[in-house]
Structures are given as structure tokens and as C-alpha cells.
Amino acid sequence: MFNESNCTVLLVDDLAENLLVISSLLSPHYRVLAASSGERCLRILASQALPHLILLDIMMPGLDGYAVLKKIQEMPETRDIPVILLTALADAGSEELGLQLGAVDYIIKPVKPAVLLARVRTQLEAHQARSWLKNQNTALEAEISRRMAENDMTQQVSIRALAHLAEIRDPETGNHILRTQSYVQLLALKLQNHPRFTDTLNARYINLLSRSAPLHDIGKVGIPDHILLKPNSLDAHEWEIMKTHSKLGSQAIEMAEKDIEHPVEFLTLAKEIARWHHEKWNGSGYPDGLSGDAIPVSARLMALADVFDALICRRVYKQALPYEEARLMIKSGSGQHFDPDIVQAFLDHFPDFTAIAERYLDCD
């Protein structure tokens, strides 16, 4: 509800009699500040609590009303204050200029008390309504941001929890999720401006990719313990069962998608990564024998990240390779196992990959 007693009006006029007459009309209803020049008006705006409305005379020595209005509009802190121009100039050109410069109304002198009070009240009510709406919007935006951040955190925690289900089944992988997630993100960032990848690897895609990466081995929850936890090499039959984890992972994510009304982008990438991160550039991978660019970018990035991490980490059936030996093996797989440009990005920034490995070290 409009409360006029809480409103402050700044009156600007170089004639003392005008200040006296208009102040006497306004002061029973509002708190009135007076300035006898444009320069004084600007000093008041810079040094005191801002008024809710400015009544600004046009014809003043020094800074005239138009110049003051321009200054008010240029300052972020004052541009939202409504300004009513006061002038003896009744021509349409003067009125149009004032409105173009940002004035909300135009009152011809000598002022009629009833007209002045009505227009001042109208503009103050409108200003108060705009301020209320702005505050409501700010509060709403803050609440939306809070809820989005909360949903984002919940989503990330849920993803990590699901990913750890696979990790718990295969305890030797340790920090594998954190390392591969970081490798994939690093590769994507380094390839962001590469001509082959620039259309795909935008900031949003990289964020979704990083979020999706931990789910790449979620299908391992469907592999029997006697195969997943076998302390030595798998036989041919066991290996065929182990390879099904890629399809199992993508199918599990696809089933989860059926329970939601709209597609979720990061789940699309998660399905790609889960199903195809064991495909090879030359078409000899699994489960679908995809080759070259037919393999989604997300899966190509994860393929290198996953193999590099497997090479440098100890397993019950093998020792960890030194970083340099793993680097050479990745290099030898360029154009065979891996996309050559992704391999080149890996080689160009190899120290960054070893730094990630050291940061999340758990493969003693």
C-alpha cells in the first residue's frame, strides 16, 4: 500500500519563490529537499539518501535541467529515480526532448496545485510499485539460484553415489572415478579450440561431460563377483561377460530416463560414455564395433582417460606402469585405439595428466 509520508521529493529550481511555493504544496504530504541549482542537486544526490522523486526545473543558469537529467540517467544509482520536468516552455519540442532524455512527466509553470499533487502522487505510486516488483524479482531470483544450486549439488552427490556402487564392487579402482573425470575434463578443455571439436566442446558440453564421466563403469554392478573380482586373467568366456558391462551401464541409464518426463542432457552423455568408451578408433572395440568419428566425442575422450588410468595403476593381475611407459603406449595407440587428435592433446599436456594422477594417487 502506498505510504506518502515515507516518500522524499527533491525540488530543483533556481528561483527562491518557486522553491517556497512548491515546497509548501508538497511538505504536508512528503519530505521535501530543495536545491537552487543543478550543481546543488547533483551534490545532494551524491551525499544523501536518494529521493523517491525529483521535480526538476529546466531553465536554470549553469547546469540546466536537461544537463542535470542526463547526469541522473548516466549514474546507475540514480537512473531509476523518476524525474518530472518543470518549465515555462510549453512547446512540444521541449516536452519531447525532456521525455527522450528520460523524464517521466512534464508540468508547465505556473503549476496548478491539484495537477502537481496528482502527478507527483501518480509517479511516486508507480515508482513504489516498480521498486516492490524489483525487490520481489530479486528475492525470486535469489530463491531460484538457491534451489538450482541445491538441485545441482543433489545431482552431483547422486551421480557420485551411483558411480561408487560400481567402485565398491571393484575395490581396486580406488580414486579411478576422480582421476578419469579430471582427465576427461582436461582433454576437453585442451581441445576446445581445435577445428574438429570446437562445435562440440563448448563450456556447457564440457560441464555436462565432466558430470557424466563418473558413470562410465556403472554397468559393472551387473557383472558377477567371480568374474569382476577374479585375481588373475579372465578366460575367453569370462571376458565376453565382462564386456557386457558397457551395454548394461547404458541400459541402466536408459531405464532411469524412462522415469522422468523430459530428457536430461548429462544422462545422454552418460549413456554414450557408458556404452562406447571401449570402442576403438580402428573399429576393433566393443560393444558395437564403431570406428572413427562414429564414436561420440564423449566416449573417445573417456577411452583414452580410462586406458591411461588402467596402465598407471596396479591390479592384482598386473603391476602399475611408469608414467613414461604409459605415455608411449598411449602414443602407439594413436590412430588405432584412440582418436589421433585426442592423443596429441594428451601428449602436449602430459605433465598435467601426471599431476592429476599424483593428486588422486592410490595405486601403490
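**A walk from the core to the surface**

Start in the middle of things: the largest nonpolar core of this predicted model has 44 residues, and L201, L301, F308 and F346 are the ones with the most contacts inside it. Plenty of helices chip in. At least two core residues each come from α6 (176-190), α7, α11 (265-276), α12 (297-312), α13 (323-332), α14 (340-348) and α15 (350-359). Among these, α12 gives the largest share, with 9 residues. As a bit of background, nonpolar side chains tend to be buried together in soluble globular proteins.

Now zoom in on L201. Setting aside residues up to four places away in sequence, L201 touches A188, L191, Q192, I206, V297 and L301. That isn't the whole story, though: there is a second, separate core of 21 residues, and A35, L42, V83 and L85 are among its members.

Next, hop over to S210, which sits in helix α7 (residues 203-212). Is S210 buried or exposed? Its relative accessibility is 11%, and because buried means under 20%, S210 counts as buried. Once you ignore neighbours within four places in sequence, S210 is in contact with Q181 and Q185.

Finally, head out to the surface. Here L140, I144 and M148 make a nonpolar patch of about 300 Å². L140 belongs to helix α5, which covers residues 113-169. With a relative accessibility of 49%, L140 counts as partly exposed, since the exposed label needs over 50%.

Terms used:
Residues are numbered from 1 along each chain as its sequence is written. This is a predicted model: local features need pLDDT of at least 70, side-chain atom pairs count only at pLDDT 80 or more; totals for chains, interfaces and linings use all residues. Side-chain values use heavy atoms; hydrogens and water are left out. Patches are made of residues with over 30% relative accessible area and no salt bridge: like charges are joined within 9 Å, nonpolar side chains (Val, Leu, Ile, Met, Phe, Trp, Tyr) within 5 Å. Accessible areas come from the Shrake-Rupley method with a 1.4 Å probe; for residues, only the protein chains shown count as cover. A salt bridge is a side-chain nitrogen of Lys or Arg within 4 Å of a carboxyl oxygen of Asp or Glu. Helices (H or I, at least four residues) and strands (E, at least two) are DSSP runs, numbered from the N terminus. Buried means under 20% relative accessible area, exposed over 50%, partly exposed in between (1.4 Å probe, protein chains only). Contact means heavy atoms within 4.5 Å. A nonpolar core is a set of buried Ala, Val, Leu, Ile, Met, Phe, Trp, Tyr and Cys residues joined through side-chain atoms within 4.5 Å.
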